[in-house]
Amino acid sequence: MTAIAEHPTTPVGLINLLELEVTGGCQLTCTHCLAESSPQGTHGTMTLADWRTVINDAAALDIATIQLIGGEPTMYPHWVELVELALSLGRRVEVYSNLFHVRQEWWDVFTREGVSLGTSYYSDRAKEHDEITQRKGSYLRTRANIAEAVRRGIPLRAGIVHINEGQRVAEAWAELVSLGVTRIGTDRVRAVGRAAIEAPTVNELCGRCGHGRAAVLPDGSLSLCVLSRFMPCANVKEKRLADIIGSPEWTAAVASIPAPYLGACGPDDSDACDPSNNACEPTD
C-alpha cells in the first residue's frame with residue numbers, strides 16, 4: 001500500500017464514524033445477526049497491520065470515532081491494541097459488545113477517557129432474550145455487565161431490535177432505564193444476514209447509510225455501513241480510505257439508498273437512535 005497523499009477531492013468531514021468489523025466470531029448465534037456471526041466465525045483476511053493502516057488513514061481524514069464491532073469485537077485478539085492506537089491518534093472509540101463476557105482487566109480499557117460501550121438487548125425476560133441469542137444465560141450475564149458499566153460510569157448505549165411478534169420491547173426499554181441506561185434506541189429486524197430469506201436489498205436499509213458513517217468488513221470490503229455489506233464500494237487492502245470515500249463508486253452507492261422516512265430509527269449498532277437526536281420510542 002502506498003503512503004497517503006494529499007487528496008483535494010476527498011470530502012474530509014463527510015464521515016465521522018468508521019465501523020471496523022474486526023471479527024465474525026461471537027459467543028452467541030443470534031437469530032437475526034446481520035453478520036451471521038457465531039462461535040465458528042473467523043477474523044477474516046484483514047491483518048493487524050491492515051487494521052492499523054485503516055485507523056491511521058481514518059485519523060488523517062479526521063474521522064472522529066472508531067467503532068469496533070463484530071461478531072464480538074473482544075474476541076479479536078488485538079482489539080485492545082486497536083483501541084489504544086485510535087486513542088493515541090485523538091479518536092474516540094466505541095466498543096460494540098454483546099457484554100456476554102468481560103474479563104476483569106477489560107474494565108480498565110472501557111473506563112479510558114474517550115472510550116464508550118454499545119450493546120444489544122432484547123427482553124426483560126431471560127427465556128425470550130436467550131432464545132434470540134441462542135445462548136442460555138446470555139440475558140443474566142449481559143444484564144449484569146450493563147449494570148457494572150453503569151456503576152463504573154462508562155458511557156453506554158443500548159439498542160433493542162424488535163424481532164418476534166409480541167416481543168417485550170417496551171419492557172426491555174423500561175428495564176434498561178431502571179439499570180441507569182439513558183441512551184436507548186429501537187429498530188425493527190432487518191432482512192440482512194441470518195434474518196434474510198432472500199437476497200437483501202436497499203429497502204432493508206435505514207436510509208442513512210454513507211451519511212456520516214462507513215464500515216470496513218473482515219475481508220477489507222468498505223461499505224456504507226455494516227448493514228449494507230452486500231454492496232461494498234471497494235477494498236481497503238487495495239485502495240486507501242481517501243481514495244474510496246467520495247469516489248464515483250462511493251457516490252453511486254450512496255445515491256442508490258432510499259431516503260429515510262420521517263422519524264425512522266437506525267439499526268441498533270448505530271447512534272442514529274440516540275434520544276437526543278430524534279424521537280424514537282419503544283414499540284409494543
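pLDDT is the predictor's confidence in each residue, from 0 to 100.

**View 1. Confidence along the chain.** What you see here is a predicted model. Its chain has a mean pLDDT of 86, with 85% of residues at 70 or more. Two stretches deserve a cautious eye. Over residues 1–13 pLDDT stays under 50, and the model has 21 contacts there beyond four places in sequence. Residues 268–284 also stay under 50, with 53 such contacts.

**View 2. An open sheet of nine strands.** Follow the strands in the order E6-E5-E4-E3-E2-E1-E7-E8-E9, and you will meet mixed pairing. At the edges lie E6 (183–188) and E9 (234–235), each pairing on one side only.

**View 3. E1 beside E2, with helices on the sheet.** E1 and E2 (residues 65–69) run parallel and are joined by five bridges. Look for Leu20, whose bridge partner in E2 is Leu68. Helix H1 (residues 48–60) packs on the sheet, where it touches E1, E2 and E7. The direction of H1 makes about 175° with that of E1. Helix H5 (residues 138–151) packs on the sheet too, touching E4 (115–121) and E5 (156–162). Between the directions of H5 and E4 the angle is about 150°.

**View 4. The two faces of helix H8.** In H8 (residues 248–255), the buried residues are Trp250, Ala253 and Val254. Down the helix axis these buried residues fall within an arc of 100°, so they line one face of H8. They pack against strands E1 (15–21), E7 (212–216) and E8 (221–223), and against helix H7 (241–244). On the face turned away from the buried side, you will find the exposed residues Pro248 and Ala255.

How values were computed:
Residues numbered from 1 in each chain as written. Predicted model: local features only at pLDDT ≥ 70, side-chain atom pairs only at ≥ 80, totals over all residues. Heavy atoms only, no water. Contact = heavy atoms within 4.5 Å. Buried < 20%, exposed > 50% of the residue type's maximum accessible area, 1.4 Å probe, protein only. Helix = DSSP H or I, 4+ residues; strand = E, 2+ residues; numbered from the N terminus. Arc of directions from axis to C-beta. Pairing = 2+ DSSP bridges. Axes fitted to C-alpha atoms, helices over the stretch in contact; angles between N-to-C directions.
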